[in-house]
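User: Please take a close look at one strand of this model and at what surrounds it. Then place it against the rest of the assembly. Short sentences are fine.

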Amino acid sequence: MAADAVAVTDLVKRFGRFTAVDRITFSVRTGEIFGFLGPNGAGKSTTIRMLCGIITPTSGAGHVAGFDLFTGAERIKQAIGYMSQKFSLYPDLTPFENIRFYLGIYNVPPAEWPERIEWVFAVTRLTAVRDRPTRELPPGWRQRLALGCALLHRPRLLFLDEPTSGVDPITRRHFWEFIRQLTVQGVTVFVTTHYMDEARHCDRVIMINAGRIVAGGPPAEIVAAVLPGQPEADLGDAFVALMRREAP
Amino acid sequence: MNARRIQAIARKEYYHLIRDFRSLYLAFIIPLLLILLFGYALSLDVEHIPSAVVDFDRTPESRDFIRRLDASVYFDVVAHPPSSAALTELLDRNRVILGIVIPPGWSAELKADRASPLQVVIDGSDPNTAGNTRAFVTAFIAQANERNLLDFLNRQGRERIRPPVEGRIRVWFNEDLESRNFIVPGIIAVIIMIVGALLTSMVIAREYESGTMETIRSLPVQAAEFFLGKAIPYFLITLADVLVAILMGQMLFGVVMKASFWLMILASTVYILVALGIGLLISVKTQSQLVANQLAVLVTYLPSLLLSDFVFPQQNMPAPLQAVSKLVPATYYIDILNGLYLRDLSFGQLWPSFLMLALMAILIGGLNIRALKREGL
């Protein structure tokens with residue numbers, strides 16, 4: 001159990017009287033791509049913010065990267081990488097300056113900086129715009145830079161919140177290839193998306209709606225269980241079917 | 001607390017600062033303007049009061065009176081209107097502040113040792129100037145009376161008589177009663193509040209508005225590191241402004257500090273920390289640059305200007321306002337600066353004000369860290 005990268009039990013988050021996340025239980029195995037699916041407003045972002053140590057859960061239990069959700073927020077932040085669709089770099093800083101900011105914040109020893117900077121420019125292919133203000137870069141490039149920054153301290157666990165929203169199909173394919181490479185190196189990736197078709201890149205997914213988990217497992221197994229005998233159905237169809245079934 | 005993280009935040013903040021034209025403008029142009037404006041325009045000294053005298057007497061004695069009046073540094077006789085109506089016109093049009101009418105037969109009455117009234121009219125629109133003018137005119141007429149009294153006694157055959165009471169007045173600390181000598185410390189206090197609090201009131205609000213606060217929350221940054229990293233660049237800029245202000249006060253106005261330069265720097269350091277703390281606290285609480293900016297003007301700039309003993313003396317304020325002024329940090333800073341600039345006081349004499357500033361800095365720093373922790377840092 002402790003070998004899991006993420007494990008939570010009965011996790012609840014309430015904002016006043018509104019329950020955003022309602023007693024969810026799941027675990028993420030080390031080295032897998034774990035998809036967290038659901039429509040907008042289902043509680044995806046609230047969950048990922050709890051897992052990343054940004055907000056404290058109302059109740060429940062759990063650990064991320066070996067640290068307790070309630071007492072280890074600071075150490076969780078140091079251990080993981082987090083990139084959000086809203087995740088903003090500093091637009092008036094250049095990519096180089098943004099990278100240096102992250103290296104400092106992640107407390108990477110300065111002796112390692114040149115090598116890390118070289119690595120991140122190589123994987124993000126942003127060397128040509130190293131000293132241009134980040135605000136002048138196209139959204140897809142900024143997204144690559146944000147991902148690069150989240151990886152500067154070599155985290156073993158990466159959280160991606162809607163990483164591909166608003167990104168063109170070719171960039172999305174590159175993105176998933178890159179994520180696959182990371183898992184080969186042993187990195188665990190936790191990714192939220194509302195694009196059901198992207199779930200095929202995931203080893204396992206859970207589906208959430210109105211703060212509750214409605215299904216979980218490898219994508220193909222979920223489709224087969226929800227819509228037996230329909231080989232052409234995808235996860236989106238399964239999700240719609242589940243919603244119909246839940247409605248009274 | 002981690003020095004590398006503080007350095008990373010301070011460096012980032014420095015980039016924001018040098019790339020934001022408005023911040024730089026606020027940081028350097030406004031202080032220069034303030035020094036020039038307050039130093040030259042807001043002189044509270046009353047000299048060369050424009051005056052007009054209607055001389056109906058037209059005798060050597062009346063002309064001598066007018067010449068003595070004009071020779072005094074306090075009065076400039078700029079007009080000799082022919083009639084009382086013409087004098088009224090000059091007062092109405094704001095051409096003169098003081099009008100004197102010498103009635104016909106004035107010197108004849110004097111020579112006959114009879115009471116010989118002069119009509120003196122003062123424009124009271126500006127009570128400060130009017131009050132000073134009245135005091136100067138009263139003193140001037142008292143001198144004239146003294147001369148006449150001595151003349152009279154001499155004519156009576158009593159020579160070498162001396163006036164019974166003679167006040168020998170010496171003004172301490174600001175011998176020439178130059179208002180610049182206390183305006184310069186006041187300007188420094190106001191500049192620190194403007195640059196320190198107004199600039200920093202934007203910096204955390206900006207993170208909220210651009211969505212980068214969520215980034216900061218997701219990173220292993222502690223509240224104290226964030227606070228210090230944000231404060232350091234603005235601390236250096238504000239300190240630079242203080243040095244510029246000291247230098248300009250010395251070069252342009254000849255206001256030279258009498259006491260220890262390092263004591264001045266120590267006081268400024270603590271006071272700057274208070275100003276930065278207030279600005280940053282406003283910034284976290286409002287999360288909007290516009291609101292933060294306006295609030296910063298309201299709670300820092302205006303009280304520093306109006307309640308700090310700079311423009312309006314605290315002993316003249318009603319009791320509730322005096323109580324409020326005790327909460328204004330500038331009160332203690334100006335107290336220290338006046339002590340250093342004018343009185344050559346030592347730390348042993350100024351420590352209560354230092355202590356108050358230090359307590360305020362600690363309190364505001366603590367409030368900042370609490371507010372940032374609540375925001376998820």
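Analyst: The part to examine is strand E8 of chain A, residues 188–193, which is mostly covered: 6 of its 6 residues are buried. The model is predicted.

Start with the side chains. In a regular strand they alternate between the two faces of the sheet. In E8(A), Thr188(A), Phe190(A) and Thr192(A) point one way. Val189(A), Val191(A) and Thr193(A) point the other way. Both sets are buried.

Next, the partners. Strands of a sheet pair through backbone hydrogen bonds, either parallel or antiparallel. On E8(A), strand E3 of chain A (residues 33–37) pairs in parallel, through 5 bridges. Phe36(A) is opposite Thr192(A) here. Strand E7 of chain A (residues 157–161) also runs parallel to E8(A), again with 5 bridges. Asp161(A) faces Thr192(A) across that pairing. Thr192(A) thus has Phe36(A) opposite and Asp161(A) opposite. From E7(A) the chain passes through helix H6 of chain A (residues 169–184) to reach E8(A), a right-handed β-α-β crossover. Leu157(A) of E7(A) has Thr188(A) as its bridge partner in E8(A).

The connecting helix deserves a line of its own. H6(A) has 16 residues and spans 23 Å from first C-alpha to last. That is close to the 22 Å expected at 1.5 Å a residue. After H6(A) comes Gly186(A), with a positive phi near 95 degrees.

Now the whole sheet. E8(A) belongs to an open sheet of 6 strands in chain A, ordered E6-E7-E8-E3-E9-E10, with mixed pairing. E6(A) and strand E10 of chain A (212–217) are the edges; each has a single partner strand, so one side of each is left without a neighbour in the sheet. On average, neighbouring strands are turned by 15 degrees against each other, direction ignored. Helix H1 of chain A (residues 44–51) packs on this sheet. H1(A) touches E3(A), E7(A), E8(A) and strand E9 of chain A (204–209), and its direction makes about 155 degrees with that of E7(A).

Elsewhere in chain A, one backbone angle stands out. Most residues other than glycine have a negative phi. Arg23(A) is not a glycine, yet its phi is positive, about 50 degrees. Arg23(A) lies in strand E2 of chain A, residues 18–28. Arg23(A) counts as partly exposed because it has 14 C-beta neighbours inside 10 Å.

Then the contact with chain B. Here 20 residues of chain A are in contact with 20 residues of chain B. On the chain A side, helix H2 (73–79), strand E6 (80–84) and helix H3 (95–105) each supply at least two residues. H3(A) gives the largest share, 4 residues. By type, the chain A side divides into 10 nonpolar, 5 polar and 5 charged residues. E6(A) therefore has two roles to note: an edge of the sheet, and a contributor to the side that touches chain B.

Chain B has a sheet to set beside this one. That open sheet has 4 strands in the order E2-E1-E3-E4, with mixed pairing. Its edge strands are E2 (75–79) and E4 (119–122) of chain B, each paired on one side only. Neighbouring strands there are turned by 30 degrees against each other on average, direction ignored. Strand E1 of chain B (residues 49–55) runs parallel to E2(B), over 4 bridges. Ser51(B) has Val77(B) as its bridge partner in E2(B). Helix H3 of chain B (residues 60–71) lies across E1(B), E2(B) and strand E3 of chain B (98–102), at about 120 degrees to E2(B). Helix H6 of chain B (residues 127–155) packs on the sheet too, touching E1(B), E3(B) and E4(B). Its direction makes about 160 degrees with that of E4(B).

Two residues of chain B complete the survey. Ala224(B) sits in helix H9 of chain B, residues 223–253. It counts as partly exposed because it has 17 C-beta neighbours inside 10 Å. Beyond its neighbours within four places in sequence, Ala224(B) is in contact with Met1(B) and Ile369(B). Asp344(B), a residue other than glycine, has a positive phi near 55 degrees. Asp344(B) lies in the loop between helix H13 (329–343) and helix H14 (347–374) of chain B. With 13 C-beta neighbours inside 10 Å, Asp344(B) also counts as partly exposed.

Technical notes. Residues are numbered from 1 along each chain as its sequence is written. Chains are lettered from A and ligands numbered from 1 in the order in which they are written. This is a predicted model: local features need pLDDT of at least 70, side-chain atom pairs count only at pLDDT 80 or more; totals for chains, interfaces and linings use all residues. A residue is buried if 20 or more other C-beta atoms lie within 10 Å of its own, exposed if 12 or fewer, and partly exposed in between; C-beta atoms are placed from the backbone. Two strands pair if DSSP finds at least two bridges between them. A crossover is right-handed if, with the strands pointing away from the viewer, the path from the first strand over the helix to the second runs clockwise. Axes are lines fitted to C-alpha atoms, for helices over the stretch in contact, and angles run from 0 to 180 degrees between N-to-C directions. Two residues are in contact if their C-beta atoms, placed from the backbone, lie within 7 Å. Ala, Val, Leu, Ile, Met, Phe, Trp, Tyr, Cys and Pro count as nonpolar, Asp, Glu, Lys and Arg as charged, and the others, Gly among them, as polar. The expected span of a helix is 1.5 Å times one less than its number of residues.
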